[in-house]
Amino acid sequence: NKQVILRDYVTGFPKETDMYVTTTSINLRVPEDSNGVLLKNLYLSCDPYMRSRMKHSEEPDFVPYTPGSPIVGFGVSKVVDSRHPEYKKGDLVWGYTGWEEYTHLSEPQVLFKIPNTDVPLSYYTGLLGMAGLTAYFGLHDVCSPKKGEYVYISAASGAVGQLVGQFAKSAGCYVVGSAGSKEKVDLLKNKFGFDEAFNYKEENDLDAALKRYFPEGIDIYFENVGGKMLDAVLLNMRAHGRIAVCGMISQYNLEQPEGVTNLMQIIYKRVRLQGFLVFDYFPQYYKFVDAVLPDIKQGKIKYVEDTAEGLESAPAALIGLFSGRNVGKQVVVICRE
Ligand code: NDP
């Protein structure tokens, strides 16, 4: 059983060598007196929050990984043996699994049966998995978008951002995204249908850039990066604006998070700033699928994945998220069934 192991807790920017690939033996049967399942892993999802699980902390926000053990994350798998009443051999599922070829789950906790196989299975690592759920409820539940409102999305070409933009466009909003390369900006404008997009790395003054794209201010900010970007956005919010704090990737590798100086704007502009975690929306997963699947099948929702081949490529794929190497949702293929 080939596995990706976390070597030790990570400080600062993660490196490929913080993980290594090894092979161990595995029993391909679930013990008879258990409630477990054995998964054959097909696709893995690379997600920024995984960085938070790589660090040691006295008061962790996420349960830390165990050095010397496989990385754990979301993935798409096939059930190859089961003693669990809800899962049977042959079922396709997505949920928490190990970064390895086969994973024993003694008690499956977050494991959804895949509701439709007319779309590529890898979609369940993103569009029809955690990222899609995050984008959908983060926009609709946290921001309540209305027709004609001005929406800004950072890290806009990534797994979550590309979908937030499209959901906001279908809600009738004016949508601008920022991303870190010309290729990504082109995708935003020409593939995902954003009204405007810019490369934040080419802007010396983020406040001025936002004023250029939002002369009348921002109603909704979907926050993916934090730090200086949040500070600049706060200066450009309209009265009664909403900020969905989804993530702050610019802060994940810092030992000391940057300060935000323009928080008083929240008062003057009566802004609602709300964090959220996708886990709270898991009970509504199948409702989300019913809402988006028809548009996916009709090609109305565009989706870009960045695919790395093989478990050996997983460490580089994961750390690539923090330098913007990924173009679209970062997926690792272990086996295409
Ligand atoms: P992406 O697919 O967007 O990949 C990460 C992207 O972030 C990179 O490609 C890069 O794009 C950008 N980035 C990396 N470092 C920086 C930096 N220092 N400053 C600015 N941008 C940076 O990831 P996801 O779509 O999966 O996740 C997006 C955000 O959503 C993350 O913050 C994540 O933690 C959060 N999230 C939160 C969830 C929740 O439950 N609240 C659930 C899922 C995700 P670029 O080239 O444009 O810089």
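A155 is buried in this predicted model, because 28 other C-beta atoms lie within 10 Å, and 20 or more are enough for a residue to count as buried. The residue sits in the loop that links β8 to α2. Its phi is near 45 degrees, a positive value in a residue other than glycine.

R270 also has a positive phi, about 50 degrees, although it is not a glycine. R270 belongs to the loop between α6 (265-268) and β13. Is R270 buried or exposed? R270 is exposed, because 12 other C-beta atoms lie within 10 Å, and a count of 12 or fewer is classed as exposed.

**Burial of individual residues**

The table collects the residues discussed one by one in this report.

| Residue | Location | Other C-beta atoms within 10 Å | Class |
|---|---|---|---|
| A155 | loop between β8 and α2 | 28 | buried |
| R270 | loop between α6 and β13 | 12 | exposed |
| S122 | loop between β7 and α1 | 23 | buried |
| A159 | helix α2 | 31 | buried |

S122 lies in the loop between β7 (111-113) and α1. It is buried, since 23 other C-beta atoms are found within 10 Å and the threshold is 20 or more. Which residues does S122 contact, leaving aside its neighbours within four places in sequence? They are Y43, V76, E305 and V331. The C-alpha atoms of S122 and L42 are separated by 8.4 Å, with the two residues 80 residues apart along the chain.

A159 is part of helix α2. It counts as buried because it has 31 C-beta neighbours inside 10 Å, against a threshold of 20 or more. When neighbours within four places in sequence are left aside, A159 is in contact with G126, A131 and K329. The C-alpha atoms of A159 and T11 are separated by 25 Å, and these residues are 148 residues apart along the chain.

**The sheet and its helices**

Six strands form an open sheet in the order β10-β9-β8-β11-β12-β13, and the pairing is parallel. The edge strands, each paired on one side only, are β10 (196-199) and β13 (272-275). On average, neighbouring strands of this sheet are turned by 15 degrees against each other, direction ignored.

Strand β11 (residues 218-223) runs parallel to β8 (residues 150-153), and 3 bridges join the two. In this pairing V151 stands opposite I220 in β11. β11 also pairs with β12 in the parallel sense, over 5 bridges, and here I218 stands opposite M237 in β12. How many of the 6 residues of β11 are buried? The count is 6 of 6, and the strand is described as mostly covered.

Two helices pack on this sheet. Helix α1 touches β11, β12 (237-245) and β13, and its direction makes about 140 degrees with that of β12. Helix α2 touches β8, β9 (174-179) and β11, and its direction makes about 170 degrees with that of β9. β11 is thus touched by α1 and by α2.

**Domains and ligand**

The protein chain is divided into domain 1 (2-127 + 303-333) and domain 2 (133-279). The C-alpha centres of these domains lie 28 Å apart. Domain 1 contributes 15 residues to the contact and domain 2 contributes 16 residues. On the side of domain 1 that touches domain 2, the residues divide into 6 nonpolar, 7 polar and 2 charged.

Why is the ligand said to lie between domain 1 and domain 2? Both domains give residues to the shell around the ligand, so it lies between them. There are 31 residues around the ligand, and those that come nearest are G158, V160, G180, G247 and G324. The residues of this shell divide into 17 nonpolar, 11 polar and 3 charged.

Helices α1 (130-143) and α2 (159-170) each supply at least two residues of the shell around the ligand. Both helices were met above as elements that pack on the sheet. For α2, the strands touched include β8, and the loop between β8 and α2 is the one that holds the buried residue A155.

How values were computed. Residues are numbered from 1 along each chain as its sequence is written. This is a predicted model: local features need pLDDT of at least 70, side-chain atom pairs count only at pLDDT 80 or more; totals for chains, interfaces and linings use all residues. A residue is near a molecule or strand if its C-beta atom, placed from the backbone, lies within 6 Å of it. Helices (H or I, at least four residues) and strands (E, at least two) are DSSP runs, numbered from the N terminus. Ala, Val, Leu, Ile, Met, Phe, Trp, Tyr, Cys and Pro count as nonpolar, Asp, Glu, Lys and Arg as charged, and the others, Gly among them, as polar. Domain bounds come from an automatic or database domain assignment. Two residues are in contact if their C-beta atoms, placed from the backbone, lie within 7 Å. Two strands pair if DSSP finds at least two bridges between them. Axes are lines fitted to C-alpha atoms, for helices over the stretch in contact, and angles run from 0 to 180 degrees between N-to-C directions.
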